[in-house]
Amino acid sequence: MSEEKKSCSAKPTLTYALVTIGILCLFIIVSLTVLNFPITVTLFFSWLLLAPFAMKLGYTVAEMEEHVYDMIKYGVGMFALLLAIGCMVSIWICAGTVPTLIYWGLNVITPKIFLLIAFLVCTVVSIPTGTSWGTASTVGVAMMGVGMGLGIQPGLVAGAVISGAYVGDVLSPVSDTPLLTSTVCEVPVMSHIRHNLFLVVPSVLISAVIYGIYGMLFVDSSLDATSLAVITETLAETFHIGILTLIPLAVVLGLLAAKQSSLSAIMAGCVVGAVIAVLYQGFTPEQVFNFMATGFSMETGNELLDPILDRGGISSMQDLISMVVAALGMGGILKGCGFLDTLVESLSGVIHSRIGLTVATTVGCSLCVVLVGTNYFSMILNGTMMAPLYQKLGYQKVNASVLVNNLSCAGSFFVPWGMGALFFSATLGATFSQMAPFIFFNMVLILLNVLTGFLGVLMPRERDDTGGQRIIS
C-alpha cells in the first residue's frame, strides 16, 4: 500500500466512530434476534455495512480488504488447532478414551455432586496445561458424557466444564493469556500471576460453593439405576474399557505440561488414539480416518448413549471456522480504519481517577471483545493503551495487566459470535443460551475485578519519590 493512499485517509472523530459502531451493533442485534439470520452471514455482511463508513474517511476497497486479511492472518494457527481438535474428539471416542472415562464416571459419581466434581477436575487439568480449549476438548468432553449419562442438562455440565477450563487460562504461567497481557503491559509474568492469585483463588472457591449448592438443590437425580446400568453395559459391550485407552489423554496432557504447543500435543494424541482404535478397539484404518473427517457415529441401540458418542470430526469445526473468519474480518476493518483506536484514545483523555481507570478498562475490553470476538485483540489494544495511564496516575502497571487479562479472557465467552462461545458450543454440544447462565467462575471473576477497582482494594501503587514502600489504596 502506498504512502499516498494512506495519507488520504482521515482519522474518524469520536462522534463518527460512535455512530458507526452503534449502527453496526444495531444491525447485528436485529439480524440475530428479529430476523433470525445465521451468525456467520450476519458477520460477513457487516463488512459491507462498514464499507461506506470507511470509504467516507478515504479508505479504498483494496485497503479495507488488506485490513481484513491482516486480521484473519492471526487466526491461521487457530484454524489448524480447531481442525486438530475436531479430529481428536472423534478419535478419542473410537479409541475408547472418552467411553472409559464415561464408564468409570457413571459408576462413582452421583448427580448431586457432579457439577462440583466436573468444575474441580477441569480446574486441576487446566492449571498445568494452561489451555481452556485443550481442557474442554479432552476431559471436558468426557465430563459432558458423564453428565448426560446422569441425566443432567447439557448447559449445566458445559457451564461447570468451561468455568474450570478458564481457571488455568487466566492464571497458569504456561497459558498464552497471562504471557501476552503481561508482555504488552511490560509486567514480569510472575508478578502478574501473583497479583492475580488474590482474585482467581476467591473466584474458584466461590464458584465451587455455587456449583455444590446448585447441584444439591436443582439437579434432578431421577435417572434410575437400571438406566445407568444399561448405559455402562452398552459401553462395555461396544468398547474395550481399560487403562490402555487413557494413553492418548496422558500423552496430550504430558506434552502440554511440558510446554509443547497445543497443536503438536493434540496431533500426537490423535496419532496415538488412532493406533489404539485400530489395534485395541478393532476399527479399520478406513473407519478411523472417516471418523476424523465426519465425526464418530455408531448406533449402539441405546437412545441415551448414542447422542453422547455422536460427535467430533473436522466437519464439526467448519461452521466455527467460518464464523471466526467473519468475526476477524469485521474486527480488521474496525481496527485498521481507526474506529476502535478513536474510542479508546477518547476514553483515555478523560480519565483522572482510579474509578475512571476501572470504567475505561472495562468499557474498552467489553467493546473490543463484543466487536471483534477474540480476547487477544482486546488484550493487545487495551493493555497497550491502559498500562501507561495506570502508571501516570500512580498505580503499578500490574493493575492494568490483571484487569485487562481477566476481563478480556473471562468476558470473551459471553459474546455469542465470539471465538470462545463458538468453540465451546461446537466442542461440548450445547448452545450458547444453554451454557451462558452457568459460567459461574467467569461471572465471579469479572465481578471481583470490577469491585476491587471501584473500591481501591488490591491495587498496588508506585513507590513515592522519597523511596517509600509500595502502598495499597
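In the predicted model, Glu186 is placed in the loop between α10 (176-184) and α11 (189-218). The backbone of Glu186 adopts a positive phi of about 60°, although the residue is not a glycine. Most residues other than glycine have a negative phi. With a relative accessible area of 60%, Glu186 is classed as exposed, because the cut-off for that class is over 50%.

The side chain of Glu186 also takes part in a salt bridge with the side chain of Lys397, in which the N to O distance is 2.7 Å. The two partners belong to distant parts of the chain, since Lys397 lies in helix α21 (residues 397-411) whereas Glu186 occupies the loop between α10 and α11, the pair being 211 residues apart. The partners also fall into opposite accessibility classes: Lys397 is buried, with a relative accessible area of 15%, while Glu186 is exposed at 60%. The value for Lys397 counts as buried because that class covers residues under 20%. A search of the whole structure returns one salt bridge.

A positive phi in a residue other than glycine is found again at Asn36, where the angle is near 60°. Asn36 is part of the loop between α2 (14-33) and α3 (39-56), and its relative accessible area of 59% places Asn36 among the exposed residues.

A polar contact is computed for Asp169, a residue of helix α9 (residues 154-171). The side chain of Asp169 is joined to that of Ser132 by a polar contact of 2.7 Å. Asp169 itself is buried, its relative accessible area being 8%, a value that falls in the buried class because it lies under 20%.

Turning to the nonpolar interior, the largest nonpolar core comprises 145 residues, and those with the most contacts inside it are Phe114, Ile162, Leu334, Phe339, Phe413, Phe424 and Phe441. Helix α5 (residues 76-94) supplies the largest share of this core, contributing 13 residues. For Phe114, one of the residues with the most contacts inside the core, the surroundings can be given in detail: when residues up to four places away in sequence are not counted, Phe114 touches Ile109, Met143, Val146, Gly147, Leu150, Ile152 and Val157.

Terms used:
Residues numbered from 1 in each chain as written. Predicted model: local features only at pLDDT ≥ 70, side-chain atom pairs only at ≥ 80, totals over all residues. Heavy atoms only, no water. Helix = DSSP H or I, 4+ residues; strand = E, 2+ residues; numbered from the N terminus. Buried < 20%, exposed > 50% of the residue type's maximum accessible area, 1.4 Å probe, protein only. Polar contact = N/O pair within 3.5 Å; in protein donor to acceptor, adjacent residues only side chain to side chain. Core = buried A, V, L, I, M, F, W, Y, C linked by side-chain atoms within 4.5 Å. Contact = heavy atoms within 4.5 Å. Salt bridge = Lys/Arg side-chain N within 4 Å of Asp/Glu carboxyl O.
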